[in-house]
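Please open the model in your viewer and keep the sequence panel at hand. The tour below proposes one selection after another and states what is to be found at each.

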There are 2 protein chains.
Amino acid sequence: MKSERDIIAHVVSLLRLPPDGEVVRGIGDDCAVINKDSRNCFLVSTDTLVEGVHFDLAWHPPALVGRKAAAVNLSDIAAMGGKPRFALLNLAFPASAPTWLDDFLAGFIAMLGEYAVMLVGGDTVKSSSDCSITVTIIGEAARDAVIYRSGAVSGDLVFVSGVLGNAAAGLALCRAALGRNALQKWKGLVGAHQAPEPRIGLGNILAASNLVHAMMDISDGLATDLAHLCEESSTGAEVARESLPVSEDLEAAAAELQMPVLDWVLRGGEDYQLLFTAAPEHEAALRALVREKNEGEIFAVGRITAGRGVFLQEGSKRSEITYQGYDHFRD
Amino acid sequence: MKSERDIIAHVVSLLRLPPDGEVVRGIGDDCAVINKDSRNCFLVSTDTLVEGVHFDLAWHPPALVGRKAAAVNLSDIAAMGGKPRFALLNLAFPASAPTWLDDFLAGFIAMLGEYAVMLVGGDTVKSSSDCSITVTIIGEAARDAVIYRSGAVSGDLVFVSGVLGNAAAGLALCRAALGRNALQKWKGLVGAHQAPEPRIGLGNILAASNLVHAMMDISDGLATDLAHLCEESSTGAEVARESLPVSEDLEAAAAELQMPVLDWVLRGGEDYQLLFTAAPEHEAALRALVREKNEGEIFAVGRITAGRGVFLQEGSKRSEITYQGYDHFRD
């Protein structure tokens, strides 16, 4: 079966791109980058969510689905260091508006409001059987401050902006059908799945620092997203097992569900933390900056290498993990 | 059951719009209009198509579905007088890429290429059971040349840019399951359904003329789309039955299928012709301009009125047709 990457590569191979000086970046990054005026550019990104595939109302309150539909798109703007500005919302559902639509919209619009994003358009259509939601987001950035996936340099440190795997663990717990009381115990993990926060503030700070070489958000898991970043940068990477930030909750949940911790941490996806690289000599300055701006902690998890492939170093064991994260059509 | 208009009105009612001087026009026109630089603006629009609802591969070759997915979005740019520039494509399908995906993409990309539109992004996800396609299009226009739905003035003539109802008739013929040979006889009508052409050239000419007060494209049928234009302009309209441009093919198909001609002409939708208004004293100049530029013929079908509602005058009979066109959730 074709993977999601195969399909995208195929679409790109079909394109006969007309030369267009206004497009700074097309397919291949978190957002397309289009010139706006002499100093600024627009960032454009879009995501589709399907009920039963990307969200399950059995354990996902509709208002939080709405927040998440906004958040995953806002995260793409954060990933390039931009400010989100405008959104479009396409809704498709069978027969009539579902009962959860009002709560979904309230959550969606509340999240947009928190980032002063204006809903400027969309479409409402009847589907055959799925409820699906497509959000398109338009952000803005100074052209020379945009951070791409493609800027990583051999020797860079690889950073992530928070613990990894909590969202995947939360999803696994929900799927295990533990019931409301049992899930209450895991509310931190379940919340990471239900209501991710886009790291807009941190993305802006990193873009303004001029110290970051490459950046993206972690939506498909570190193994796949770091592979994307390396492919665009023509590099490889090594990740150190002992450097991966993992929450105590996740360790406990992994023990309870008898799941390997690394599956969630490397392959789970939906963390919506930022993944970025910078020269080792700037590590201290970056840490100080992030702390000063109250954007939590950043974690150095590995290094960019000249050789290709993404590898995990676990004690003396080295294993390849390139593109081993979430794939829409494989998983 | 809520109509599509009800749902959109509900979304709009939920919006607490942050003041944003960069948004010239939000929800309520064919495109959102966002400032680009001191002279120009971006036009943004999006549409979702679902297999089995918006297209049926039993009679719709995948390459033409691809062309149409592009065309209906390009038409929204035409409707405001803009030039299309960039597109995003979201694909959702169950399990794996459908066998028709390659042909679909070839048609989609060919149509974009004809208008020098660059595909800059998108998303590919697994759905639960529907194949759905969302296209987002970004166009550009000089800010003072954009034509809105809201500019119609009482006394204006109402024009359409081509015969009406052919696409609806073509769809009805396909649905009647006539077989390939029988459909060959109706290929003009079937082609209007399968492969509409966006009126980009005409839209640009009308925008540059400075003679057009209000414009939109006809996607849901004249009865509904003229009602939209009138609502945004705080006017009404009267349409004269004998002025409606109807093809001989459509008359013949209506006789064969025993369908009322007006159902297709007023209510059918998907014509993707332009609907626009201008002062009567400019009719001759507009006709000459359109002829000179080889953009076919324009037809004056009625008049904008001060009183509200859209009415059809048929001999001495006057009947209200406000919003009697296609509605995604009623039909």
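In the loop between which two elements of chain B is the place of B:Ser234? Select B:Ser234 in this predicted model: the residue sits in the loop between α8 and β9 of chain B. Its phi is positive, at about 55 degrees, although B:Ser234 is not a glycine. Most residues other than glycine have a negative phi. B:Ser234 counts as exposed, because 11 C-beta neighbours lie inside 10 Å and the limit for an exposed residue is 12 or fewer.

**The helix before this loop**

Step back along the chain and select helix α8 of chain B, residues 222-233. B:Ser234, with its positive phi, comes just after α8(B). At 1.5 Å a residue the 12 residues of this helix should span 16 Å, and the end C-alpha atoms are indeed 16 Å apart, so expectation and model agree.

Is α8(B) enclosed or open? Of its 12 residues, 10 are buried, so α8(B) is largely enclosed by the rest of the structure. Colour the buried residues: B:Leu222, B:Ala223, B:Thr224, B:Asp225, B:Leu226, B:Ala227, B:His228, B:Leu229, B:Cys230 and B:Ser233. Then display what covers them, which includes the strands β7 (157-160), β8 (212-217), β9 (236-240), β10 (274-278) and β12 (309-314), together with helix α10 (261-267), of chain B.

**Where the two chains meet**

Next, show both chains. The contact between them takes 57 residues from chain A and 57 residues from chain B. On the chain B side, the elements that give two or more residues are α1 (4-14), β2 (32-35), β3 (40-50), β4 (83-93), α3 (101-114), β5 (118-126) and β6 (132-142). Which element of chain B gives the most to this side? The answer is β5(B), with nine residues. Coloured by class, the side of chain B that touches chain A divides into 28 nonpolar, 18 polar and 11 charged residues.

Now select B:Ser129, in the loop between β5 and β6 of chain B. Apart from residues up to four places away in sequence, B:Ser129 touches A:Ser129, A:Asp130 and B:Pro94. B:Ser129 counts as partly exposed, because it has 16 C-beta neighbours inside 10 Å. For a sense of distance, draw a line from the C-alpha atom of B:Ser129 to that of B:Glu248: the separation is 40 Å, for residues 119 apart along the chain.

**Chain A as a whole**

Hide chain B. The secondary structure of chain A comes to 11 helices and 13 strands. The radius of gyration of chain A is 19 Å, close to the 20 Å that the globule rule gives for 331 residues, so chain A is as compact as a globular protein of that length. Along its principal axes the C-alpha trace spans about 55 × 55 × 45 Å. Of the 331 residues of chain A, 55% count as buried. Among contacts in chain A between residues at least 6 apart in sequence, 83% join residues at least 24 apart.

**Helices of chain A**

Select helix α2 of chain A, residues 62-78. Its 17 residues should span 24 Å at 1.5 Å a residue, and its end C-alpha atoms are 24 Å apart, so the two values agree. In α2(A), 17 of the 17 residues are buried, so the helix is largely enclosed by the rest of the structure.

Turn then to a helix pair, α4 (residues 166-175) and α9 (residues 248-257) of chain A, whose axes come within 10 Å and cross at roughly 35 degrees. The crossing of α4(A) and α9(A) is left-handed. Show the side chains of A:Asn166, A:Ala169, A:Ala172 and A:Leu173 in α4(A), which meet A:Leu250, A:Ala253 and A:Leu257 in α9(A). By class, this contact has six nonpolar, one polar and no charged residues.

**Two last residues of chain A**

Select A:Glu270, in the loop between α10 (261-267) and β10 (274-278) of chain A. Its phi is positive, near 65 degrees, in a residue other than glycine. Is A:Glu270 buried or exposed? A:Glu270 is buried, with 22 other C-beta atoms within 10 Å.

Finish at A:Gln324, in the segment after β13 (317-320) of chain A. A:Gln324 counts as buried, because it has 20 C-beta neighbours inside 10 Å and the limit for a buried residue is 20 or more. Leaving aside neighbours within four places in sequence, A:Gln324 is in contact with A:Ala223, A:Thr224, A:Leu266 and A:Arg267.

Terms used
Residues numbered from 1 in each chain as written. Chains lettered and ligands numbered in written order. Predicted model: local features only at pLDDT ≥ 70, side-chain atom pairs only at ≥ 80, totals over all residues. Contact = placed C-beta atoms within 7 Å. Helix = DSSP H or I, 4+ residues; strand = E, 2+ residues; numbered from the N terminus. Nonpolar A, V, L, I, M, F, W, Y, C, P; charged D, E, K, R; others polar. Axes fitted to C-alpha atoms, helices over the stretch in contact; angles between N-to-C directions. Left-handed = near helix turned anticlockwise from the far one by under 90°. Rg over C-alpha atoms; globule rule 2.2 N^0.38 Å. Expected span 1.5 Å × (residues − 1).
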